[in-house]
Amino acid sequence: DGPSIQQVLAELTNQRTVPNVFVNGKHVGGCDATYKAYQNGTLQKLLGDVKDAETYDYDLIIIGGGSGGLACSKEAATLGKKVMVLDYVVPTPLGTSWGLGGTCVNVGCIPKKLMHQAALLGQALKDSRKYGWQYEEQVKHNWEIMVEAIQNYIGSLNWGYRLSLREKSVTYLNSYGEFVEPHKIKATNRKGQVTYHTAETFVLATGERPRYLGIPGDKEYCITSDDLFSLPYCPGKTLIVGASYVALECAGFLAGLGLDVTVMVRSILLRGFDQEMAEKIGAHMETHGVTFIRNLQIFIQVEKLEDGTPGRLKVTAQFTEGPETFVGEYNTVLIAIGRDACTRNIGLETIGVKINEKNGKIPVNEEEQTNVPYVYAIGDILEGKLELTPVAIQAGKLLARRLYGGSSTKCDYINVPTTVFTPLEYGSCGLAEEKAIEKYGKQNLEVYHSLFWPLEWTVPGRDNNTCYAKIICAKHDNNRVVGFHVLGPNAGEVTQGFAAAIKCGLTKELLDETIGIHPTCAEVFTTMDITKSSGQDITQRGC
């Protein structure tokens with residue numbers, strides 16, 4: 001009865017070839033489809049259903065103990081699941097490593113903000129004389145004392161995270177995780193000892209690490225942000241290569257601590273951010289002593305001239321236009337040209353998880369699921385998503401709730417507020433002006449803007465008409481605010497409040513109806529009445 005059976009199978013499956021594989025009544029497909037099902041784990045799951053479900057060591061294994069991974073692990077454990085977290089920091093070329101908690105806590109947001117604060121205190125000391133404070137002794141900054149205090153605080157956070165995992169009965173391994181087959185990983189600790197673990201579900205939260213230039217001397221003599229915050233000596237005269245927010249933030253606080261700082265820029269500042277705001281940041285930093293060298297395209301080499309803490313380095317580079325070669329001597333060279341996802345050496349190819357070969361990022365669906373159904377990904381490694389700590393935390397918590405708590409709430413990646421902690425802080429939420437024009441068309445937008453002078457800066461006579469605020473409104477949508485931008489002190493605090501209003505559909509009319517708090521910087525958003533299209537003067541003469 002072969003022909004008739006084949007006809008019925010064709011009607012059921014739309015497949016005329018053999019083998020035609022079914023497991024427990026569910027159609028898998030032909031030879032290729034069956035192999036693919038084996039590679040991505042669905043075949044094992046189907047076979048497990050037949051034999052009353054396969055047994056795994058854990059319900060959930062998370063690779064990466066940063067902000068997102070820890071949030072996901074604790075939420076899943078709270079919902080009654082057996083969870084393991086693997087976290088392993090591959091030391092930098094100079095040997096720097098750190099504890100549990102990921103980039104933000106150890107070599108990112110936390111030490112960055114504290115060093116930014118150290119620089120702001122230096123400026124406050126200068127301002128204080130105008131407010132009547134008198135002190136005779138010469139004020140100077142001690143790098144070693146600052147680094148020790150910051151590292152002690154970070155150490156307390158590392159311990160707190162370990163304690164939190166223990167309290168929630170999450171198994172923590174300080175080991176490098178790598179897939180060896182579907183649902184199974186190999187964990188290798190610092191001593192080279194190997195263990196194997198299985199789980200029903202995996203979450204990738206491996207984050208990113210700084211990219212190097214790929215020239216002679218970069219890994220041997222240069223540092224990155226991974227090294228800077230625990231550097232045991234003052235970096236001295238510093239060259240920063242790159243124009244990312246990491247580059248500008250580091251340049252800002254190093255200059256604020258009194259160091260000679262130069263920033264090498266290939267093209268534009270703060271790619272991806274509003275370019276008007278980026279250029280204002282650059283102009284302010286130049287006014288306050290940071291040197292910018294633009295249009296440097298090709299970095300040739302970094303050579304050591306002298307040992308020391310710091311030593312002395314020679315940098316050779318080529319300008320984008322013209323035959324001239326740049327040569328400079330510095331004590332420290334900090335590379336901040338971007339970051340690469342840590343996804344290439346964890347065995348993803350073994351289980352069939354697809355990555356973007358160009359940048360290592362992982363494409364996921366709207367539920368953070370990869371192309372392999374039992375593997376999810378969160379945080380900075382996601383293709384096309386924001387690289388921000390609070391985003392990873394939110395995504396991790398919500399993912400655990402969807403997997404184990406019956407929730408259907410997904411992470412909202414729209415209108416996420418952020419702040420760049422340059423000396424003049426930049427807070428934003430929504431679209432950059434360029435992106436808004438691209439999306440809505442210039443004729444459909446109204447941009448309101450104003451310069452402002454913080455009251456605290458008036459007595460010391462500092463930086464009038466430098467702080468700047470603007471909102472971008474969609475005219476056809478009741479003048480809804482689609483872009484919010486502020487350049488000034490405490491920009492992060494200001495932006496956080498307005499971000500909630502923007503999520504609620506803030507309009508220009510609602511801002512106009514809001515009574516401001518006087519005297520504050522944030523009140524400028526309640527009194528804006530000058531549009532860019534009008535061309536009117538926005539300079540301020542007082543508070």
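Me: Where along the chain is Thr 343 placed, in terms of the elements on either side?
Reply: In this predicted model, the element before Thr 343 is the strand β17 (339-341) and the one after is the helix α12 (348-351). The place of Thr 343 is therefore neither in that strand nor in that helix, given the residue ranges that DSSP assigns, but in the loop between β17 and α12.

Me: Is Thr 343 buried or exposed?
Reply: A residue counts as buried when its relative accessible area is under 20%, and as exposed when that area is over 50%. The relative accessible area of Thr 343 is 1%, so Thr 343 is buried.

Me: Which residue offers its backbone oxygen to a polar atom of the side chain of Thr 343?
Reply: Leaving aside neighbours within four places in sequence, the residues in contact with Thr 343 are Thr 206, Leu 348, Ile 355, Gly 360, Ile 362 and Ile 381. For one of these, the backbone oxygen lies 2.6 Å from a polar atom of the Thr 343 side chain, and that residue is Gly 360.

Me: What percentage of the residues of the chain count as buried?
Reply: The chain has 17 helices and 23 strands, and its C-alpha atoms fill a box of roughly 100 × 60 × 55 Å along the principal axes. The chain exposes about 26400 Å², of which carbon and sulfur atoms supply 51%. Of its 543 residues, the share that counts as buried is 48%.

Me: How far apart do the centres of the positive and negative side chains lie?
Reply: The two sets compared are 53 positive and 61 negative side chains. The distance between their centres is 2 Å.

Note on methods. Residues are numbered from 1 along each chain as its sequence is written. This is a predicted model: local features need pLDDT of at least 70, side-chain atom pairs count only at pLDDT 80 or more; totals for chains, interfaces and linings use all residues. Side-chain values use heavy atoms; hydrogens and water are left out. Helices (H or I, at least four residues) and strands (E, at least two) are DSSP runs, numbered from the N terminus. Buried means under 20% relative accessible area, exposed over 50%, partly exposed in between (1.4 Å probe, protein chains only). Accessible areas come from the Shrake-Rupley method with a 1.4 Å probe; for residues, only the protein chains shown count as cover. Lys and Arg count as positive and Asp and Glu as negative; His and the chain ends are not counted. The place of a charge is taken as NZ of Lys, CZ of Arg, CG of Asp or CD of Glu. A polar contact is a pair of N or O atoms within 3.5 Å; within protein, one must be able to donate a hydrogen and the other to accept it, and residues adjacent in sequence count only if both atoms are side-chain atoms. Contact means heavy atoms within 4.5 Å.
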